[in-house]
Amino acid sequence: MNKPKVLVMSGYGLNCEEETKFAFDKAGGKTDIVHINDLIDGVKKLSDYQIVSFPGGFSYGDDTGSGNGYANKVRNHLWEKITHFIAQDKLVIGICNGFQILARLGLLPVTFALTNNDSARYTVRWVDMRVENKSPWLLGINTISLPIAHGEGRLFVDNKTVSTLRKKNLIALRYIKGEIYDYQHLPANPNGSLENIAGITDESGKIFGLMPHPERALFFNHLPQWSYLKEKLLREGKGISDKGPGLSIFINSIRYFV
Amino acid sequence: MVTRIEIISKIPDTRAEVRKKVLGLPVTIVDVYSIDKKFTALQLKRIASVLTNPVAQTVSINTPVSPSRFSWAIEIGFLPGVTDNVANTATESIEDLLKIKFKDEEHVYTSQITFIEGDVTKEQAAKIAGTLYNPVIQRANMKSYPQYKKDKGMGYTVPKVKLTQSRSVDEVNLNVSDAELIDIGKKGIKNNDGTTRGPLALDLAYMKTIKAYYHTLGRNPTDIELESIAQTWSEHCKHTIFADPMDEIKNGLFKTFIKSATDKIRKQKGKNDFCYSVFTDNSGAIEFDENYLITDKAETHNSPSALDPFGGSITGIVGVNRDAIGFGMGAKPIINRYGFCFADPRDTVPLYKGKDFTQKMLEPKRIMLGVIEGVNSGGNCSGIPSPQGFLVFDKRYKGKPLVFVGTVGLIPKKIHGKNAVDKSAQPGDLIVVVGGRVGQDGIHGATFSSEAMDSGSPATAVQIGDPITQKKLSDVLIKEARDLGLYNSITDNGAGGLSCSVAEMAKECGGCRVELEKVPLKYPGLAPWQIWVSESQERMTLAVPPNKWKKFYDLMKRRGVEVSAIGTFTKAKKCIVQYHDKVIMDVDMQFLHDGLPQRPMQTTYIQPVFPEPSFPQPKNMTETIHKMLGRLNIASFEFISMQYDHEVQGTSVLKPLQGKGRVNADATVSRPVLSSQKGVIISQGINPTYSDIDTYHMASCAIDTAIRNAVAAGANIEYLALLDNFCWCSPHEPQRLGELKRSVQACYDYAVAYGTPLISGKDSMFNDFKGYDEKGKPIKISIPPTLLISSIGVIPDIYKTVSLDLKFPGDLIYLLGETYEELGASEYYGMLGYVGNSVPHVDALKNRTLYQKLYQCIQNDLLASSLSVGRGGLGIALAKTAMGGLLGIDISLKNLKGSVKRNDVGLFSESQGRIVVSINRKNKKIFEKIMGKIPFTYLGKVTTDKTFIVRDSTNAIIVKTDTDKLSSSYKSTFKNY
């Protein structure tokens, strides 16, 4: 069985491409990191891949609005190729800055903004979420805890769009109180996001954007409470398994093709 | 023809909300792009749409937008020539959108209008404007409502750079009196109009040597030659205070104490030596595993941060990243660290650089917040985790804050079949500069930081880092060009700009010939000497073989990175610079690098003696412990840890905030290679107040702290390296030099005793402020002699590490090590207004055994928690471990090992070499057996509720509180930051 081919975008200040590649490879994919200019120049072809990932980072330094510069570049040069890609039975994920790029690109069925956190400050911490729809990316996951790191993650839409999101089941992830909340007691919603939304998808669930970083939660050691859990397991006579909650998302995407 | 595009938020703007909270007035923010280039109306519409988020914003072209009600409009923009990162991105986006190019004189400029509402007088509005901008880099334009309406907006002025100065190359006449030589050296080369070009920091001995050299050549130096020599010979670059003879130390402090310590340790370690590259490259390197090296480097960026805190600190962090990128053939930056020394942010007493209340210094809080923000932006935008850091407060950092920044790098041992640390420019290689363009920013940075700060400090010394330009550069170099073998050598462009990087790399082959007109400029009008010494950021210098040039050039272009070949490396033993075919600099390499005369130094040392404090014990020890927890030097700085990304790259293991209670940790652990379970532990040690009593013990405590913090988390002292960063003051005073000598001696003694090699270091010697106080009286503020020791260790398994928080009720709490009456210059004495004399002494031999045993315990999973006892002593350590676990304790100071007579001494003594651990009671026997003869004290138990109880030797309760209350004291100080 051939491994599904994954393309992780890079360039212009995206910076999570290596760990995102690691995550897809660990999940069973065959991943290439591709600079956007190599797609524009035709050195690499989008059509050779089954999964495209817009990873996290600070494309164009968030200047002129997070994700905007990179989205403009995609729109100016790759629009046809990317719309052709999503018209097929393929998967797209935008993580953090990648989600902001998807938002500005308009690849998702509703118009929405990811704007300054209510603290107006970059925030790094873990959050708990509940899975709200049936995206293939989230198959079999009910709740999940992942880290966030962003300054502009507050999702904002008008009232009409809220009802569209609900009606069409586009809300994929909502911040809730869970394991991490019980441990660290920080507010469940880290940025003031409307309706506690952490991630959304298109109608098919195949295009998925989320603010948290599943690629930073691949191992047990990523959990903020791992040192505590290790001691607990030790006393119960158990060992640790070197697996973190984020891996399932990548495995789901690979399984979609295998 | 300037077009103004103004953007206003149509949804609640949290930036305005935050500003409203600060000002107490309703605020509206409008972002402005001023485009100095002709476009059609249709083009402008398209441009406006790509600069706007239609969901959240409304845009307007050449029609001012404002809220319907406001009393004042304050527009803040940059001064001419200051780096404007947002404008650069906007330019790129416009070029990409319309497939056009901006010409050299065409630019985009950004600014921001803050509209304030309410009954505000002109004076009040001016005061508010003052809090919104920094005159060193920005300009403010203020209009009242009627004025704004009358003018139809803010106007169309843009900060275009207009340089009208001479671009000729001038000869500098050195055949003048000594007094005039001194003047040139101190104030700089004179322009025709009588003004000077800024400090050369060359003293008379140096000026006379230069005069004699040019006498043998039969001519005077050109301005570029003298500027170039000044850069190369600056204290900042040559570190003469560490290199030149001092008293009986003929080979200088560095060779005698620092390098020789490392040499000796490496020899003693024999085949267990893990050092790989020390003191030769931009960073030091140790072995990580059979495939990789770990590099480390720490720097300071103090003087610029005092003037422009944000610009100074972002330049610092992005600059030290280049010490990783410029190590060997290029290492990938994988961890940032930071450390800031500030004055009390509540201090609002003004301080002036100039006479008659002119050139007001920024207030400590402004400096603090700006510095924190700069490292936030630099680290986060670069995608480098910044897990580890500290804050230190002392009023003597009011004139000059200290901004420590460090970067750990990862590099394969072999690249393209060659040893990755070997690099050498070859004669015939092209001199290639990649990255940002050159402007007037940062001219005289190297010589500026080699002088005390006074009213003559140059405004152009300020640069603003651009992490995205650097990220593009870094990615293409270390992820592509490096592995394709496209260059022979690489180094960072830092202090002194091209004059230092090119001349330094030219040493590898013997010489260079530079064609200066080929250097790309930000704007026209720069004089040749300015191009040569400018410290414009985000540039690397490389040696590229001619047959690889095309491939290298194409790759850079494809990645959107600016690249220019600006000359050739030679073996001619000369550094030659030409400008449009005319030779304007022709200096022997030998003279340029080694021509500076030695300046032997004499030191004195008088041990200061302070009154020995005598006071009764506090009656309410509970209150005392709460007060101590809220002290600036102890309080939680969670607000920094939560805004510095420590999860990026997916490498975090032990994080900066630990436990349920989120307590700031002293050490963090990373997993740099995701496919391996090996780890890297880093920590820091700094105790500047101890310098008041004795710099020898200050240094030994800094070393012990850096080591102890790391081993407490799981580091192996046998695989731990150190970095030294000296920040001193008044180095022309023999007593200060005497203090320096003692501290460096301690570095030798303790590095050797612990077997922890020093692998990289840096010094910053002129941390003095000369200016005027709030009454206009002259004042000199010198920092306390400060030494930062950073530690870095490799461990075989990341899961054999321990966090600081108590884990389970019923666990046993121990104190490892001994407690003595060592409160001299402690936080406790500081709180009470004393200094005292009993500064902590370090027993390295005893501690080393303890640290080895601790490692053994952690490797055997015996510890549930572990925390180094640091500032504030045992009382604070106990509070932290309890707050971390949100659990109670019941412990007794009875039988405390060492020698302590009073409870407050037991709780707050800062004796070194101590660690608080908790263990599962099932492990008691084996734990105590491993500890053996190491002095340790069983203190008591972890309890189920959150009650925090400390008993004295008679078992009487002296502290009773609960962990939530402790947390609230610990977190109250910076709660609203």
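Student: What phi does Lys99(B) take just after H3(B)?

Tutor: This is a predicted model, in which local features need pLDDT of at least 70, side-chain atom pairs count only at pLDDT 80 or more, and totals for chains, interfaces and linings use all residues. Residues are numbered from 1 along each chain as its sequence is written, while chains are lettered from A and ligands numbered from 1 in the order in which they are written. Helices (H or I, at least four residues) and strands (E, at least two) are DSSP runs, numbered from the N terminus. Just after H3(B), the phi of Lys99(B) is positive, at about 55°.

Student: How far does H3 of chain B reach from its first C-alpha to its last?

Tutor: Helix H3 of chain B covers residues 85-98, which is 14 residues. The expected span is 1.5 Å times one less than the number of residues. That gives 20 Å here, and the helix comes close to it, reaching 20 Å.

Student: Which helix of chain A do the buried residues of H3(B) pack against?

Tutor: A residue is buried if 20 or more other C-beta atoms lie within 10 Å of its own, with C-beta atoms placed from the backbone. In H3(B) the buried residues include Val86(B), Ala90(B) and Ile94(B). In chain B they pack against S2, H2, S5 and H16, and in chain A against helix H3 (68-87).

Student: Which element gives the largest share of the side of chain A that touches chain B?

Tutor: Residues are in contact if their C-beta atoms, placed from the backbone, lie within 7 Å. The contact takes 54 residues from chain A and 52 residues from chain B. The largest share of chain A's side is 6 residues, from H7(A).

Note on methods:
Buried ≥ 20, exposed ≤ 12 C-beta atoms within 10 Å, placed from the backbone. Contact = placed C-beta atoms within 7 Å.
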